[in-house]
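Thanks for coming, everyone. I'll put the structure up and then walk you through it.

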Amino acid sequence: SGLGGARATHSGMAKLSAWRQFSNYLRHDFREIVWPRSMPDPPGTRYITELSLTQHAQVWREAMRAYADGWRWYHGEPEAEKAKRRAEEKAARGEADARARR
């Protein structure tokens with residue numbers, strides 16, 4: 001009977017310990033998994049409320065221009081830019097000068 005009592009106490013302690021671990025998991029880890037807290041913004045981040053209306057419009061214009069440039073390059077280099085780049089490369093190699101000397 002003395003050993004049975006020790007087992008019951010040990011079993012009760014194990015259940016209590018398991019319950020404590022489970023409740024700590026729910027209180028801390030589970031909440032973070034289900035509803036994660038956002039990370040703090042990096043230093044130097046400017047919020048919309050800190051920008052004037054003109055600055056806000058400028059940011060949107062730059063963003064839309066960058067977006068349009070990305071789509072322009074999506075199907076290959078635009079012809080006007082390709083011709084300009086090729087002319088600059090030829091000038092750098094000196095091919096234009098060789099033709100002019102002939």
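Let me begin with a definition, since I'll lean on it in a minute: rings of Phe, Tyr and Trp, taking the six-membered ring for Trp, pair if their centres lie within 6.5 Å. By that rule the structure holds three aromatic pairs. Take the rings of Trp19 and Phe22: their centres are 5.9 Å apart and their planes sit at 40°, so this pair is tilted. Both residues lie in helix H1, three residues apart, about one turn of the helix. As for cover, Trp19 is exposed, at 55% relative accessible area, and Phe22 is partly exposed, at 40%.

Another of the pairs is Tyr67 with Trp71, and that one is edge-to-face, with 6.4 Å from centre to centre and 75° between the planes. These two are in helix H2, four residues apart, so again about one helical turn separates them. Tyr67 counts as exposed, with 51% relative accessibility, while Trp71 is partly exposed at 46%.

Why would that spacing keep turning up? An α-helix has 3.6 residues a turn, so residues three or four places apart point the same way.

I should say right away that what you're looking at is a predicted model, so please keep that in mind for the rest of the talk.

Okay, stepping back to the whole chain. How many helices and strands does the secondary structure come to? Four helices and zero strands. Read along the sequence, you get α-α-α-α. There are 102 residues in the protein chain, and 3% of them count as buried. The chain exposes about 9,700 Å², and carbon and sulfur atoms supply 60% of that.

Now, helix H1, which covers residues 2–34. There's a nonpolar patch on the surface here, and its members are Trp19, Phe22, Tyr25, Leu26, Phe30, Ile33, Val34 and Trp35. Together they have about 860 Å² of accessible area. You'll recognise Trp19 and Phe22 from the tilted pair. Leu26 is another member of the patch; this residue is found in H1 and is partly exposed, with a relative accessible area of 36%.

Is Ser23 buried or exposed? Ser23 is in H1 as well, and at 18% relative accessible area this serine is buried, because the cut-off for buried is under 20%. The side chain of Ser23 reaches the backbone oxygen of Arg20, at 2.9 Å.

On to helix H2, residues 53–74, where we can do a quick sanity check on the geometry. With 22 residues at 1.5 Å a residue, H2 should span 32 Å, and the C-alpha atoms at its ends are 32 Å apart, so the two agree. What follows H2? Gly76 does, and its phi is positive, near 120°.

Helix H3 can be treated the same way. H3 runs over residues 79–93. Its 15 residues should span 21 Å at 1.5 Å a residue, and its end C-alpha atoms are 21 Å apart, so that agrees too. H3 is followed by a glycine, Gly94, with a positive phi near 85°.

Helix H3 is also the place to talk about charge. Side chains of opposite charge can pair when their charged atoms come close. The count of salt bridges in this model comes to two. In one of them, the side chains of Glu79 and Lys82 meet, at 3.8 Å from N to O. The cut-off is 4 Å, so a distance of 3.8 Å qualifies. Glu79 and Lys82 are three residues apart in H3, about one helical turn, and Glu79 is exposed, at 58% relative accessible area.

The other salt bridge joins the side chains of Arg85 and Glu89, at 3.0 Å from N to O. Here the partners are four residues apart in H3, again about one helical turn. Both ends are partly exposed: Arg85 has a relative accessible area of 31%, and Glu89 comes in at 35%.

So, to pull it together: the chain has four helices and zero strands, with 3% of its residues counted as buried. H1 carries the tilted Trp19 and Phe22 pair, H2 has Tyr67 and Trp71 about one turn apart, and H3 holds the Glu79 and Lys82 partners along with Arg85 and Glu89. That's what I have, and I'm happy to take questions.

Technical notes: Residues are numbered from 1 along each chain as its sequence is written. This is a predicted model: local features need pLDDT of at least 70, side-chain atom pairs count only at pLDDT 80 or more; totals for chains, interfaces and linings use all residues. Side-chain values use heavy atoms; hydrogens and water are left out. The expected span of a helix is 1.5 Å times one less than its number of residues. Buried means under 20% relative accessible area, exposed over 50%, partly exposed in between (1.4 Å probe, protein chains only). Accessible areas come from the Shrake-Rupley method with a 1.4 Å probe; for residues, only the protein chains shown count as cover. Patches are made of residues with over 30% relative accessible area and no salt bridge: like charges are joined within 9 Å, nonpolar side chains (Val, Leu, Ile, Met, Phe, Trp, Tyr) within 5 Å. Rings of Phe, Tyr and Trp (its six-membered ring) pair if their centres lie within 6.5 Å; planes under 30 degrees apart count as stacked, over 60 as edge-to-face and the rest as tilted. A polar contact is a pair of N or O atoms within 3.5 Å; within protein, one must be able to donate a hydrogen and the other to accept it, and residues adjacent in sequence count only if both atoms are side-chain atoms.
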